[in-house]
Amino acid sequence: MNILPLYINYPSWIHPEIFPGIPILGLIRWYGLMYILAFSTAFLILKKILKEGALNSISKDGTIQKTSEDDVFSFIATGIVFLLIGARVFSTLVYDTSGDYWKKPWLIFWPFQNGKFTGLAGMSYHGGFIGGLFGMIFWCIRHKRPFFKWADAMCTAIPLGYTFGRLGNFMNGELYGRITTAPWGIVFPTVPRSERFSASIDWVSEFMQKIGMEAQESLVNLPRHPSQLYEALFEGIVLFTILWIVHKKKPFDGFLGGLYTVGYGVFRFFIEYFREPDADIGFRNSDHPIYLFTSFTDISTGQILCALMIFGGFCVIFGNWLFSKRKKQKS
């Protein structure tokens, strides 16, 4: 009796390139398109917030400082530039353990590998967060605008755009999760042969029996959590929904920025238990196999950074609450 396969094969029609095999058009990749959609979505949401008047501020002389669409475009463009720099630098200098980028830093922004155009393959969210933060601070200082008011608007706009970024990761077949017997587990063809398993191993054989998988060769590619889609849902759509619901009712400037930082940190921290850590880094506190969930005590680099985000987000909320309270007392 054949068991109905309890897993999903990665769609064969999905390639990193939108038009694979077609000269010139083959250079257009899903990942790049998703970045464009992400930034466009963030810009449209910022425009919506602009129309609500949430970005207007009162100058020192008591006059209302109105914000134009050009200001919004300038703000988000500055943030994007800093974000991309931070994301790329963090990815190459922190997550890459080969040391090549430290020895040859000009390769950080070199879009070719082995004579082939690859784009800037490899971006770090946490690096982008830090870079984007510095970009917003730089713009607000330069244009004399209240940082936390603008940061609140940006943090409300970011999550929905972030959804497209994780969809781009899915299209690339990268940042997949650990192996799973869940019926929605996906067999990603991009998994390297070094992470495939011998069908003769007892636990692999038992795993395959549970999901109705038959070995086609000696090494088996097992289904994995589509952690990119988990992140797109929770760190993107769900977090955006929460922020959008409360954005008109925020008690003080800085609240939404802190809430976004805490919310992202919490969602990402728990999703890291499904996502496979980088093979060359692994867990920070154990040598357990990275492709298996073994213990909640196995902590990845991403979880450490998320814990810092959660702490930092609460500090922002508390600090701005204290500041607003004192300001009301003085007035």
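**Exercise 1. An aromatic cluster**

Task: In this predicted model, find which residues form one aromatic cluster with Tyr 125.

Solution: Start at Tyr 125 and look for the other aromatic rings of its group. The cluster consists of Tyr 125, Phe 129, Tyr 162, Tyr 260 and Tyr 264.

**Exercise 2. An aromatic pair**

Task: Classify the aromatic pair of Phe 75 and Trp 150 as stacked, tilted or edge-to-face, and state where each partner lies.

Solution:
1. The structure holds 31 aromatic pairs. In the pair of Phe 75 and Trp 150, the ring centres are 4.9 Å apart and the planes make an angle of 65°.
2. Planes over 60 degrees apart count as edge-to-face, so the pair of Phe 75 and Trp 150 is edge-to-face.
3. Phe 75 belongs to helix H2 and Trp 150 to helix H5 (residues 147-172). With their positions 75 residues apart, the pair links distant parts of the chain.
4. Phe 75 and Trp 150 are both buried.

**Exercise 3. The nonpolar cores**

Task: For the largest nonpolar core, determine which residues touch the most other members and which element gives the most residues.

Solution:
1. This core has 20 residues, and those touching the most other members are Leu 46, Leu 55, Val 72, Phe 75, Ile 76, Trp 150 and Met 154.
2. Two or more residues come from each of helix H1 (30-51), H2, helix H4 (125-143) and H5. H1 gives the most, with six.
3. Take Ile 76 as an example: leaving out residues up to four places away in sequence, Ile 76 touches Phe 39, Ala 42, Phe 43, Leu 46 and Met 154.
4. A second core, of eleven residues, is separate; among its members are Phe 197, Val 204, Ile 211 and Val 220.

**Exercise 4. The two sides of helix H6**

Task: Explain why the buried residues of H6 line one face of the helix.

Solution:
1. List the buried residues of helix H6 (residues 202-211): Val 204, Phe 207, Met 208 and Ile 211.
2. Look down the axis of H6. The buried residues fall within an arc of 95°, and therefore they line one face.
3. The general rule is that an α-helix has 3.6 residues a turn, so residues three or four places apart point the same way.
4. Turn to the other side of H6, where Asp 202, Glu 206, Gln 209 and Lys 210 are exposed.
5. Find the packing partners: the buried residues of H6 pack against strand E7 (197-198) and strand E8 (219-220).
6. Just after H6, Gly 212 has a positive phi of about 70°.

Definitions and conventions: Residues are numbered from 1 along each chain as its sequence is written. This is a predicted model: local features need pLDDT of at least 70, side-chain atom pairs count only at pLDDT 80 or more; totals for chains, interfaces and linings use all residues. Side-chain values use heavy atoms; hydrogens and water are left out. Rings of Phe, Tyr and Trp (its six-membered ring) pair if their centres lie within 6.5 Å; planes under 30 degrees apart count as stacked, over 60 as edge-to-face and the rest as tilted. Helices (H or I, at least four residues) and strands (E, at least two) are DSSP runs, numbered from the N terminus. Buried means under 20% relative accessible area, exposed over 50%, partly exposed in between (1.4 Å probe, protein chains only). The arc is that of the directions from the helix axis to the C-beta atoms. Contact means heavy atoms within 4.5 Å. A nonpolar core is a set of buried Ala, Val, Leu, Ile, Met, Phe, Trp, Tyr and Cys residues joined through side-chain atoms within 4.5 Å.
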